[in-house]
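User: I've got a model loaded and I'd like to talk it through in questions and answers. Can you start with the term we'll need for the hydrogen-bond-like pairs?

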Amino acid sequence: MTHQWRSTSVVAAAIALGLSGAALSASSLATIPSVSDEAQTSTLEVRLAERRPGAGLSEATVQGSGEKVYLYPDVIITNADVVSAHVIPGDRPGTFNVGIMFSPEGSAKIEKATQAHLNGPLAILVNGRVISAPTLRSQIRGSAVVTGDLTGAEASALAASLNSR
């Protein structure tokens with residue numbers, strides 16, 4: 001079976017630990033695919049990226065925008081680094097968000113990687129597709145909230161996907 005993909009405007013925001021400008025931040029807009037009932041098989045990857053090609057980097061296109069980014073080969077965070085994910089109400093009626101808590105190991109990995117990559121893009125991939133690549137404005141630690149125009153079903157499916165390790 002295949003996933004049904006629908007572009008949705010998304011903002012990612014920090015819960016408590018100073019994420020600004022990152023895909024897990026308050027000010028970036030991106031697109032995210034809708035998540036179908038097969039979300040249990042979805043994979044999450046977070047990678048550092050660049051805006052220009054370079055040695056060892058692979059080209060990718062941010063879904064829904066046509067923007068090109070160039071991914072580093074190393075994956076920083078995966079589903080395995082997520083301790084929990086849960087649905088929370090959005091800012092607008094009928095919208096929902098997904099709160100994410102990283103494991104201590106995941107938190108340490110993303111903190112170290114984002115500290116060294118400030119003002120560079122951070123690519124968020126779901127099922128191998130780049131759904132967002134905002135510029136890091138500050139270091140990411142501990143937890144984050146993915147917010148936007150997610151329906152209750154989409155937010156539930158994404159949270160279930162992140163909780164399935």
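Analyst: Sure. A polar contact is a pair of N or O atoms within 3.5 Å; within protein, one must be able to donate a hydrogen and the other to accept it. Keep in mind that this is a predicted model.

User: With that in hand, which backbone nitrogen lies 2.9 Å from a polar atom of the side chain of S103?

Analyst: S103 sits in the loop between strand 8 and helix 1. A polar atom of its side chain has a backbone nitrogen 2.9 Å away, which is inside the 3.5 Å cut-off. That nitrogen belongs to G106.

User: Is S103 buried or exposed?

Analyst: Not counting residues up to four places away in sequence, S103 touches D81 and V83. Its relative accessible area is 8%, and the cut-off for buried is under 20%. So S103 is buried.

User: Zooming out, in what order do the elements of the chain run from the N terminus on?

Analyst: The chain has two helices and eleven strands. Reading from the N terminus on, the order is β-β-β-β-β-β-β-β-α-β-β-β-α.

User: And what share of contacts between residues at least 6 apart in sequence join residues at least 24 apart?

Analyst: For context, buried residues make up 52% of the 165 residues in the chain. Counting contacts between residues at least 6 apart in sequence, the share that joins residues at least 24 apart is 67%.

User: Which element gives the largest share of the largest nonpolar core?

Analyst: That core has 23 residues, and I76, I77, V98, I110, L122 and L162 touch the most other members. At least two residues each come from strand 3, strand 7, strand 8, helix 1, strand 9 and helix 2. The largest share is four residues, and the element supplying them is helix 2.

User: How many residues are in the second, separate core?

Analyst: In soluble globular proteins, nonpolar side chains tend to be buried together. Here a second core stands separate, with V69, L125, V130 and A133 among its members. Its residue count is nine.

User: Back to helix 2: what should its twelve residues span at 1.5 Å a residue?

Analyst: The expected span is 1.5 Å times one less than the number of residues. The end C-alpha atoms of helix 2 are 16 Å apart in the model, and this agrees with the expected span, which is 16 Å.

User: N163 lies in helix 2; which residue's backbone oxygen lies 2.7 Å from a polar atom of its side chain?

Analyst: At 30% relative accessibility, N163 counts as partly exposed, whereas E154, A155, A157, L158, A159, S161 and L162 of helix 2 are buried. Leaving aside neighbours within four places in sequence, N163 is in contact with V83, S84 and A85. The backbone oxygen lying 2.7 Å from a polar atom of the N163 side chain is that of A85.

User: How about H117, is that residue buried or exposed?

Analyst: H117 is placed in the loop between helix 1 and strand 9. Beyond its neighbours within four places in sequence, H117 is in contact with L48, A49, E50, Y72 and L136. Its relative accessibility is 9%, against a cut-off of under 20%. H117 therefore counts as buried.

User: Last one: which residue in strand 10 is the bridge partner of V126?

Analyst: Strand 9 and strand 10 run antiparallel, joined by three bridges. They form a hairpin with two residues between them, and N127 in the turn has a positive phi of about 55°. The bridge partner of V126 in strand 10 is R129.

Conventions: Residues numbered from 1 in each chain as written. Predicted model: local features only at pLDDT ≥ 70, side-chain atom pairs only at ≥ 80, totals over all residues. Heavy atoms only, no water. Core = buried A, V, L, I, M, F, W, Y, C linked by side-chain atoms within 4.5 Å. Buried < 20%, exposed > 50% of the residue type's maximum accessible area, 1.4 Å probe, protein only. Contact = heavy atoms within 4.5 Å. Pairing = 2+ DSSP bridges.
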